[in-house]
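Okay, thanks everyone. I'll talk about pockets and then cysteines, and please stop me if something is unclear.

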Amino acid sequence: MTVTPDRHTPTAAADSATPTIIDRFVASNRDYAVTFRDGGMDARPVQKIAVVACMDARLDLFAALGLELGDAHVIRNAGGVVTDDTIRSLTISQRALGTRSVALIHHTGCGLLGLTEDFRRELELEVGQRPQWAVEAFVDLDGDVRQSMQRVRTSPFLLHTDDVRGFVFDVHTGLLREID
């Protein structure tokens, strides 16, 4: 396989004695819930914007964009590419929940840069089934942002395509660079 993360094979002793990361999430959630107060927010984003971005853990979109809880819909996937499922989420965001603007954010050092469809073929060889999805890898970061903007602007399902802008986030400086 082109990219294979380390695979951990748990032992019975490790399973029962060592908390997993998800166990830690659940414990943290209990602490969070103690002071949580329902702010009465609606599902409609206050700023009427949907942000499509990469799932990369280095992107703290709320801090980088000055967002607060309830301000925006944030749709994340590998590469921040606009796929059919992204269009599905944007359509619901606009038609059912009132968003009007779309910001697309790719980033430097993305794991999809240079990956190829060979990943999909190798996966098929490994598991015996061809994935139904495309990898959507790219070699031209700016070009892929442009392609994503075009996919949003030309979708017949979206009501609001006049305020669609694309950016590249630099993971070393924290700055956005707008793509025309």
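Quick definition before the pockets: when I say "strand", I mean a DSSP run of E with at least two residues, and strands are numbered from the N terminus. And keep in mind that this is a predicted model.

So, the largest pocket. Its volume comes out at about 360 Å³. There are 19 residues lining the largest pocket, and Met55, Ala78, Gly79, Leu112 and Val135 are the closest to its centre. If you sort that lining by class, you get 12 nonpolar, five polar and two charged residues.

Now the second largest pocket, at about 180 Å³. Which strand gives the most to its lining? That's strand 3, with four residues. Strand 1 (49–54), strand 3 (101–107) and strand 4 (164–169) each put in at least two. Among the lining residues you'll find Ile49, Val51, Leu65, Phe167 and Leu176, plus Asp163 and Arg165. By class, the lining of the second largest pocket is nine nonpolar, one polar and two charged.

Okay, cysteines. How many disulfides does the structure hold? Zero. Just as a reminder, a disulfide is a covalent bond between the sulfur atoms of two cysteines. So why no bond between Cys54 and Cys110? The sulfur of Cys54 has its closest cysteine sulfur in Cys110, 4.1 Å away, and that's too far for a bond. The cut-off here is 2.5 Å between the sulfur atoms. Cys54 counts as buried, at 5% relative accessibility, and Cys110 is buried too, with a relative accessible area of 7%.

That's it from me, happy to take questions.

How values were computed
Residues numbered from 1 in each chain as written. Predicted model: local features only at pLDDT ≥ 70, side-chain atom pairs only at ≥ 80, totals over all residues. Heavy atoms only, no water. 1 Å grid on protein atoms, 1.4 Å probe; cavity = no way out; pocket = protein on both sides within 12 Å on 5 of 7 lines; lining within 4 Å. Points joined across faces, edges and corners; volume = space filled by probe spheres on them. Nonpolar A, V, L, I, M, F, W, Y, C, P; charged D, E, K, R; others polar. Buried < 20%, exposed > 50% of the residue type's maximum accessible area, 1.4 Å probe, protein only.
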